[in-house]
Amino acid sequence: GRGRRVACAYVGAAVRAAVDFLAARGELPFAVDLTLVPAPTRARSARLRGGDTVTAVCASSGLSTVPCVQHRSSVRDSVGLDAAARRRNLAEGVDLLQAPPSPVLLVDDVVTTGATVEATCAVLFSAGVEVSGVLAVCAA
């Protein structure tokens, strides 16, 4: 909803600070060389939330952001699924719309089992995209 959209600016600033910190430590390329790729969100979930919050957070960071991955319509809601079921649910369930410029940092709002990260990175790697890391706003 509306409150989440306001929070996106604050979370985006935290993402920017995290990227700058990790770049200063030598763990990521500097922000000017890095493209943020928001993790895919199910279309229905985005509609219910008033939009794709991960993409809004990335865009609010001020860093180059390319929303280039999406879930296939066959991917179902992962709530209640165990780790193995989540991996099966996402196996070949992520499509690459366009190859973003490398290197990229995959950004996700929450990582529970890592299934989304695993499936998204596999698609990016198969397209020759250099994934420098994954940044999760929250870990469950």
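How many disulfides does a search of the whole structure find? The points below give the answer, then turn to the cores and one peptide bond.

1. This is a predicted model. Searching the whole structure for disulfides returns zero. Cys 58 is accordingly unpaired: the nearest cysteine sulfur belongs to Cys 8 and is 9.8 Å away, whereas a disulfide needs two cysteine sulfur atoms within 2.5 Å.

2. Two cysteines can be described by their accessibility. Cys 58 has a relative accessible area of 0%, so it counts as buried. Cys 138 has a relative accessible area of 40% and is therefore partly exposed.

3. The largest nonpolar core is made up of 18 residues. Val 37, Cys 68, Val 69, Val 104, Leu 106 and Leu 124 have the most contacts inside it. Strand S4 (104-111) and helix H5 (115-126) each supply at least two residues of this core. The biggest contribution comes from H5, which gives six residues.

4. Leu 124 deserves its own entry. Leaving aside residues up to four places away in sequence, Leu 124 touches Cys 68, Val 69, Leu 96, Pro 100, Val 104, Val 129 and Val 131. Of these partners, Cys 68, Val 69 and Val 104 are also among the residues with the most contacts inside the largest core.

5. A second core, separate from the one above, has 15 residues. Among them are Val 19, Leu 34, Leu 63 and Leu 105.

6. For the backbone, check the peptide bond from Ser 102 to Pro 103: it is cis, with omega near -5°. Pro 103 sits in the loop that runs between strand S3 (94-96) and strand S4 (104-111).

Conventions. Residues are numbered from 1 along each chain as its sequence is written. This is a predicted model: local features need pLDDT of at least 70, side-chain atom pairs count only at pLDDT 80 or more; totals for chains, interfaces and linings use all residues. Side-chain values use heavy atoms; hydrogens and water are left out. Helices (H or I, at least four residues) and strands (E, at least two) are DSSP runs, numbered from the N terminus. A nonpolar core is a set of buried Ala, Val, Leu, Ile, Met, Phe, Trp, Tyr and Cys residues joined through side-chain atoms within 4.5 Å. Buried means under 20% relative accessible area, exposed over 50%, partly exposed in between (1.4 Å probe, protein chains only). Contact means heavy atoms within 4.5 Å.
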